[in-house]
Amino acid sequence: MAWPNIKGTVVLKASNGADEERALLFAAEILKKGGLVAFPTETVYGLGGDALNPGAVQNIYQVKQRPPDNPLIIHVTGMDQAARLVKEIPPEAFLLAENFWPGPLTMVLPKKDLVPDITTAGLSSAAIRVPAHLLARKLIHAAGVPLAAPSANLSGRPSPTTAGHVLEDLAGRIEAVLDGGSCSVGVESTVLSMLPGIPALLRPGGITLEMLEDVLKRKVLDLTIEGKGGVFKGAPPSPGMKYRHYAPRAPLYLVVGDYPAQRKQLVALTESFLMQGRKVALLLSRESAGICPAPVLRVLGSREKPAQIAKRLFAVLREMDLLEVDVIVVEGFDEQGMGRAVMNRLRKAAAEIISTDGKDSTW
Ligand code: TXA
Ligand code: MG
């Protein structure tokens, strides 16, 4: 049976073992020839190409409209394949790999010359991870090469957590998408620099700062406490930090601060937009769900369970585009555990950050 094809992008859906094998072979052939295939990982869908083929990598940047100075993550099947790409792996990186690979942890290590400069945007280090999603690892194995894969969205848009999201942005621009259903984590991997010196967090993600410190038994430097509104203005420690990201089309107002005051501010802001006749979307925690009526109301999850919120966040942001809302008002969450990754994404998506305690500021 032929696979569906949307604007020239083949949708590879694997509902049983035989289909899966056929889909993987088809996708692997494309990758071996330097083509691009989007594939599921446990975090978000990746836009994969042969990490060692400069032409394929060039296409990734082009298709995504990604700034050329923002390096890609290289996906491998395990430590053996990782070791072929980097000069040295310090004992602490081994320890982290033992604990968190396969999984949503990306480690930045000094690269070997084998890794083309374009893959790392000219940096002497490479970001490497072993995805937990079985289809992702099977695909890397079938392709026989490490896969460079940024999130499979157009640059600046919310990352895709379903094959449908990938097609919204990239149908007709890539050869195929491997459909593996919804991603379980929902936000991207944690990026950790393991270059000489203190391990440094470059992006909060699926593995929390607390989990890293527990294993390493020492402090990890948090370099993600960013400038105004979550974007670095000068030279950031990781190129990705200086870009605004994850933004839905309507302006997003993020309300942060002390919880009771925050709730009052959420209501006041929503009411003022409603009075202006705007189609407001209000994104709240389960705990705040009843505070105020709004034309579009979405519960992201419990304040106590930021992993739930992480899982739904990008899908809800994308839904806001489909609903053509005029303005989005979002509750802020505690910046601990997975809450750090959630707030990092919300800050970058925000047109404005409104603080009830004066600590935060507008972008
Ligand atoms: O979960 C994920 O990490 C997903 C899935 C597909 O694996 N991928 C992903 O890739 O989020 P991307 O390209 O959207 O984000 C990669 C981030 C960027 O912020 C980039 O600047 C940073 O990793 N990065 C890549 N190489 C780096 C390096 N050598 N040094 C510092 N930061 C690096
Ligand atoms: Mg991305």
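**A tour of ligand 1, its pocket and a cavity**

In this predicted model, the residues of the shell around ligand 1 fall into 13 nonpolar, 9 polar and 4 charged. To bring that shell into view, select ligand 1 and the residues around it: there are 26 of them, and the closest are Thr-43, Asn-70, His-75, Ser-189 and Gly-240.

Next, show the secondary structure and colour three strands, E5 (73-75), E7 (125-129) and E11 (200-203), each of which supplies at least two residues of the shell around ligand 1. Of the elements to highlight, E7 deserves its own colour, since with 3 residues E7 gives the most to this shell.

Now display side chains and look for polar atoms facing the ligand. Select His-75, where a polar side-chain atom lies 2.6 Å from an oxygen atom of ligand 1, and then Arg-66, where a polar side-chain atom is found 2.8 Å from an oxygen atom of the ligand. Move on to Ser-125, whose polar side-chain atom lies 3.0 Å from a nitrogen atom of ligand 1. If you switch on a surface at this stage, keep in mind that ligand 1 taken alone exposes 680 Å², of which the protein buries 96%.

Hide the ligand for a moment and consider the space that holds it. Ligand 1 sits in the largest pocket, which has a volume of about 770 Å³. Select the lining of this pocket, which is made up of 47 residues, with Arg-66, Asn-70, Pro-71, Ile-73 and Arg-203 lying nearest the centre. The elements that give two or more residues to this lining are E5, E7, E11, strand E10 (190-193) and helix H10 (338-349), and the largest share, 4 residues, comes from E7. If you colour the lining of the largest pocket by class, you will find 20 nonpolar, 18 polar and 9 charged residues.

Which residues line the largest cavity? Select Leu-201, Pro-204, Gly-205, Ile-207, Thr-208 and Leu-209, and add Gly-337, Arg-340 and Ala-341, to display the whole lining. The structure holds 1 cavity of 30 Å³ or more, and about 30 Å³ of space lies in the largest cavity. Colouring this lining by class, as you did for the pocket, gives 5 nonpolar, 3 polar and 1 charged residues.

Key
Residues numbered from 1 in each chain as written. Chains lettered and ligands numbered in written order. Predicted model: local features only at pLDDT ≥ 70, side-chain atom pairs only at ≥ 80, totals over all residues. Heavy atoms only, no water. Near = heavy atom within 4 Å. Polar contact = N/O pair within 3.5 Å; in protein donor to acceptor, adjacent residues only side chain to side chain. Areas by Shrake-Rupley, 256 points an atom, 1.4 Å probe, with all protein chains shown as cover. 1 Å grid on protein atoms, 1.4 Å probe; cavity = no way out; pocket = protein on both sides within 12 Å on 5 of 7 lines; lining within 4 Å. Sits in = over half its atoms within 2 Å of the grid points. Nonpolar A, V, L, I, M, F, W, Y, C, P; charged D, E, K, R; others polar. Points joined across faces, edges and corners; volume = space filled by probe spheres on them.
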